[in-house]
Amino acid sequence: MQRLTNKRILLGVTGSIAAYKSAELIRRLRGAGAEVQVIMTHGAEAFITPLTLQALSGHPVHQNLLDTKAEAGMGHIELARWADVIMIAPASADFMARLAAGRADDLLTAVCLAGDIPLALAPAMNNRMWRDKATVDNAKKLTSRGILLFGPDSGEQACGETGPGRMREVDLLINDLADIFQVGSLTGKTVLITAGPTREPIDPVRFVSNHSSGKMGYAIASAAVEAGAKVILVSGPVALAAPDRVELVKVETAEQMLQAVQSRMPVDIFIATAAVADYRPVQVAKDKIKKQDEIMALALEKTPDILAETKARFPEVFSVGFAAETHDLEAHARGKLIKKGLEMVAANWVGEAAAASGGTFGSDTNALHLIWADGQIELPLASKARLARSLIEHIAHHYDDCQRKGFPKTNNVVNLKKPGKPVA
Ligand SMILES: Cc1cc2nc3c(=O)[nH]c(=O)nc-3n(C[C@H](O)[C@H](O)[C@H](O)COP(=O)(O)O)c2cc1C
């Protein structure tokens, strides 16, 4: 399981013979879903090259406190703000002494002082250095300040001696680090969400679209990140900023949305909140259409049904649809559930009925009626952010339920229609 999905780890590497192990550590942290940035002390540079750690982390390695290239010239503050946790592995005896003394005369110690986040050290040194009263006192000082010590372990050492002081094994360090974070209901899962409207072009300057703001889909993306998921957000044109830690894929048309979704399948959970245009102009004029006749007819054809087609192609993906209805909400939502073979439908009122329930396109509140094969629940009017969190918890619960009962479930998709005949 990717226990560190979305987590930002700032890895400090100091001048120990165990510094070569930091290369494997970075690889394994990324494999566990984390993003990693590295700070090296000048001592560490004698043991392993910044180039190696840069290539493995996918980020430039930070080395200098007094760095004019850092944004606003305050790299230590920027890095401390960026990280969820700082881990120093290996941590040398000298580094422990500097940290215990509250020094801030190199980048790594300065970041440790500036960070208001968990700080963990994996000491690595000769057993006599570790047992020396100075190091013992420093370790005590550090733990009394809430700094975590992972290890050291006991065993054979690079110097040929045996005893305590070996850096803890990489696997164990990853477990220790993951234990710092709460496990979310979707930790390690990949969730793909569609949001916003689509735009179907009429000519180079005009299009067919709808009033969807994308707010609900974006709120669900943020809630899924909070729950520990890796989130891909495929979004039509909206005026919203990309949520933090989400892979945002921008599209315009239904066809582009379909391609973007299916090229990223399979995922664990697919939540289709986008208000995809049902019809698109049969022909897109190459040049701007001139104003001429009193009445102009626009021939439209059906767009692909992204949710139905994706579920039919990837039946193993737990799929949640959205239904916006002006009447017979429950009956229509249940019909959609069965027709498209979905695991869940989240239905909400639109139009006049929505005004009565307090939520509509573009508003910051909404209410949902959640429906699944053998149950349903009302999620009452709340801010879209709060509603999204509640929805994600229900989805996670039913996803787990499906997994327990055996997945994929029977796929009862019936006769999917291809884009049909134009309607005038
Ligand atoms: C070959 C060699 C190996 C070393 N290994 C360690 C080590 O494992 N642990 C340690 O605390 N110091 C070790 N040292 C000493 C540190 O490199 C030295 O104290 C240095 O100043 C640490 O600087 P830094 O903490 O800023 O990286 C070693 C020195 C040499 C020459």
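I started with strands E8 (residues 190-195) and E11 (residues 230-235), which run parallel and are joined by 6 bridges. I picked out one pair: Thr190 faces Lys230 in E11. Note to self: this is a predicted model.

Next I looked up the sheet around them. It is an open sheet of 8 strands, and I wrote the order down as E12-E11-E8-E13-E16-E17-E18-E19, with mixed pairing. Which strands stand at the edges? They are strand E12 (246-250) and strand E19 (375-383); each has a single partner strand, so one side of each has no neighbour in the sheet. I also checked the twist: on average, neighbouring strands of this sheet are turned by 20° against each other, direction ignored.

Then I went through the helices. H9 packs on the sheet and touches E8, E11, E12, strand E13 (269-272) and strand E18 (365-372). Its direction makes about 165° with that of E8. Helix H14 (residues 384-405) lies across several strands, including strand E16 (318-325) and strand E17 (344-349), and runs at about 160° to E19.

I turned to the nonpolar cores after that. The largest has 61 residues, and among those touching the most other members are Val191, Ile220 and Ile392. Which helix gives the most to this core? I found helix H9 (residues 215-226), with 8 residues. I zoomed in on Val191: leaving aside neighbours within four places in sequence, its contacts include Ala224, Val231 and Ile269. Another core, of 50 residues, lies apart from the largest one, and Leu4 and Cys112 are among its members.

Last entry, the domains. I noted domain 1 (8-180) and domain 2 (190-287 + 296-405). Their centres, taken over C-alpha atoms, are 43 Å apart.

Terms used
Residues are numbered from 1 along each chain as its sequence is written. This is a predicted model: local features need pLDDT of at least 70, side-chain atom pairs count only at pLDDT 80 or more; totals for chains, interfaces and linings use all residues. A nonpolar core is a set of buried Ala, Val, Leu, Ile, Met, Phe, Trp, Tyr and Cys residues joined through C-beta atoms within 7 Å. A residue is buried if 20 or more other C-beta atoms lie within 10 Å of its own, exposed if 12 or fewer, and partly exposed in between; C-beta atoms are placed from the backbone. Helices (H or I, at least four residues) and strands (E, at least two) are DSSP runs, numbered from the N terminus. Two residues are in contact if their C-beta atoms, placed from the backbone, lie within 7 Å. Domain bounds come from an automatic or database domain assignment. Two strands pair if DSSP finds at least two bridges between them. Axes are lines fitted to C-alpha atoms, for helices over the stretch in contact, and angles run from 0 to 180 degrees between N-to-C directions.
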